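Reader: I'm happier at the bench than with coordinates, so could you walk me through reading a model like this?

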Number of protein chains: 2
Amino acid sequence: MQNASLTILGCGSSLPTRKNFPSAQILEIRDKQFLIDCGEGTQIRMRQMGVKTNRLGHVFISHLHGDHCFGLIGLISSFGMLNRTADLHIHAQADLEKILEPQLAYFCAELPFKVVFHAINPRKHELIFEDRSVQVFSIPLKHRVPCCGFLFEEKPRDRHIIREMIDFYNIPTWRIPKIKQGEDFITEEGEVISNADLTISSEVPKRFAYCSDTAYSEKIVPIVQGVDCLYHEATFMEDELLRSKQTQHSTARQAAEIAKLANVKKLIIGHYSARYSNQNELLREAQLVFENTILGEDMTVYEI
Amino acid sequence: MQNASLTILGCGSSLPTRKNFPSAQILEIRDKQFLIDCGEGTQIRMRQMGVKTNRLGHVFISHLHGDHCFGLIGLISSFGMLNRTADLHIHAQADLEKILEPQLAYFCAELPFKVVFHAINPRKHELIFEDRSVQVFSIPLKHRVPCCGFLFEEKPRDRHIIREMIDFYNIPTWRIPKIKQGEDFITEEGEVISNADLTISSEVPKRFAYCSDTAYSEKIVPIVQGVDCLYHEATFMEDELLRSKQTQHSTARQAAEIAKLANVKKLIIGHYSARYSNQNELLREAQLVFENTILGEDMTVYEI
């Protein structure tokens, strides 16, 4: 069974640096890929890492600053050249469609697939996507422009049936799916076999939250409570607290405070200002508050 | 005295690869920088190479395929964040302004500098830019969409005055500029001193031509005749001759044929299809026809 993973393509902020491209990451969960933000160079990083994107169907854009969406047109254009046929769904604020459509019409007139826009309201915490195995919720953030993060939640997997019990009770194949979903089994003699005797619980569903860009905001704490992994921006260190407030970004310490308050299992920081050449200082600042902090790095895969 | 140089930021084609970003290069000549094409990631490559762009005033876009212009919005946006104040001039087909303006209005509403569009007609060979020391001409190319290359020509520099002659003839300072431009000097006694006795010739003006994207076209030969350096696309090798014709690109051999016919001093090839993992094969194919061929590579500086 494949685990969930996060591939960071870029975790820089508005100005790219030698190390960091602007924001983009791929969440792989339940054999699907979700692209979160798509800064300039996203498709380049995918190429550099050899990421195959055939299971990528949905893109989520946090807000309409260039470092979070300038890579879309290039990505879509290249998907066209690679003869992608599956629809590509883009979940973003409605303005994005207005901005992208003329570009698509000009540069990608004969796309072999459909680009489907889904407008999201960044001010609301609500379910914005759902399929058989995953749910995605918006997380209103506090930034200079309307902006939201995303909470990805696996739906519970089917329980594992105990093979010996199938044999012992002669359970017909057609009953198995329902039992995996929690039903009891009634034998031909009318005896009720409790589901608890037939199955064992499956893996606990994973939860991942992406919160960028945002000033310190405790309002998100209940939403990201206990997630397996929180990606939280840490544009600045405490030495630039004033600037972080002016620009509505967070410091590394603040990201860690949120992680601690929300009791998350793991914090990945990113969206570093280009001014910090030694990012380990950001990591240390965060780890003083929340020990299980990991330094986000471009072209790196993290287990969730 | 600084020589002319070409910095290749990206010399890939439509699909980026591990090695190659899409098209972008900077010509430095007479202490000025000219950006030629601006594919996605141009600003990233600048950062990776530590290129300072304070002498960059003019951008030339060959045609409106994404791999030649998707990097513009990110570049301009970042220039804004870096508080650039000097106007940025973009020379491109008129459609580019229509496509970029809405993006600039949305993402770069408060730019501290002006973006000035200059429409060029890619079907004509004509002077499209001129300042004190450089002229730029369009070169009509043969591609699936209207497309032109660019010929950069240094204007002749002033002649070098021979210092001893200034002393010998007691030449007043105010006469010197004219003498450098070729005037004779008349002494107080009315003696005419020929300019040839007072000065020596300066460096021969440099000429650089950029021809991408284009099918094989001998029409460009008279225009690029004898240039110091020709950058010519070589998307394919001869094994893909048919495909090169269908897509209106050149093979490495064809690029070399043009270089040979035009008797250029040096050929740099680029715009490689992603299919060629060993680009030295393209180089070898070209060198069989034109020996002084150089393999264009990302993040490399070439003397002109």
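Author: We'll go from the chain as a whole to the pairing of the copies, then to a sheet, a helix and the core.

Author: First, some ground rules: this is a predicted model, where local features need pLDDT of at least 70 and side-chain atom pairs count only at pLDDT 80 or more, while totals for chains, interfaces and linings use all residues. Residues are numbered from 1 along each chain as its sequence is written, and chains are lettered from A and ligands numbered from 1 in the order in which they are written.

Reader: What does the secondary structure of chain A come to?

Author: Helices (H or I, at least four residues) and strands (E, at least two) are DSSP runs, numbered from the N terminus. For chain A that gives ten helices and 18 strands. Its C-alpha atoms fill a box of roughly 75 × 55 × 35 Å along the principal axes.

Reader: How many of the residues in chain A are buried, as a percentage?

Author: A residue is buried if 20 or more other C-beta atoms lie within 10 Å of its own, exposed if 12 or fewer, and partly exposed in between, with C-beta atoms placed from the backbone. In chain A, 46% of the 304 residues are buried.

Reader: And how are chains A and B related?

Author: Two copies of a chain are related by a rotation about an axis and a shift along it. Here, a 180 degrees rotation with 0.1 Å of shift along its axis puts chain B on chain A, at an RMSD of 0.1 Å (a least-squares fit on C-alpha atoms of residues with pLDDT of at least 70 in both). That is the relation of a two-fold axis. In chain B, the C-alpha nearest the axis belongs to B:G41, 2.8 Å away from it.

Reader: Which elements of chain B give two or more residues to the side that touches chain A?

Author: Contact means that the C-beta atoms of two residues, placed from the backbone, lie within 7 Å. By that rule, 24 residues from chain B meet 24 residues from chain A. The elements giving two or more on the chain B side are α1 (42-49), α2 (72-81) and α3 (95-107) of chain B.

Reader: Now a sheet, please. What is the strand order in the open sheet of seven strands in chain A?

Author: Strands of a sheet pair through backbone hydrogen bonds, either parallel or antiparallel. For a pair to count, DSSP must find at least two bridges between the strands. The order in chain A is β7-β8-β9-β14-β15-β16-β17, with mixed pairing. At the edges sit β7 (127-130) and β17 (293-295) of chain A, each pairing on one side only.

Reader: Can you take me across the middle strand by strand?

Author: Start at β8 (residues 134-140) of chain A, which runs antiparallel to β9(A) and is joined to it by seven bridges; one bridge partnership there is A:P140 with A:C148. Strand β9 (residues 148-154) of chain A is mostly covered, with five of its seven residues buried. Next, β9(A) and β14(A) pair antiparallel over four bridges, and A:F150 stands opposite A:Y210 in β14(A). Then the sense switches to parallel: β14 (residues 207-211) and β15 (residues 229-233) of chain A pair that way over four bridges. In β15(A), A:Y231 is the bridge partner of A:Y210.

Reader: Why is helix α9 of chain A called largely enclosed?

Author: Seven of the ten residues of α9 (residues 252-261) of chain A are buried, so the rest of the structure largely encloses this helix. Among the buried ones are A:R253, A:Q254 and A:I258. The buried residues of α9(A) pack against α7 (221-224), β15, β16, α10 and β17 of chain A. Just after α9(A), A:N263 takes a positive phi of about 50 degrees.

Reader: Which residues touch the most other members of the largest nonpolar core?

Author: A nonpolar core is a set of buried Ala, Val, Leu, Ile, Met, Phe, Trp, Tyr and Cys residues joined through C-beta atoms within 7 Å. The largest one holds 148 residues, and A:I139, A:V224, A:L230, A:L267, B:L230 and B:L267 touch the most other members. Leaving out residues up to four places away in sequence, the contacts of B:L230 include B:V224, B:A259 and B:L267.

Reader: Is B:L27 buried or exposed?

Author: B:L27 is buried, with 25 other C-beta atoms within 10 Å. This residue lies in strand β2 (residues 24-29) of chain B. Not counting residues up to four places away in sequence, B:L27 touches B:L6, B:F34, B:I36, B:F152 and B:F208.
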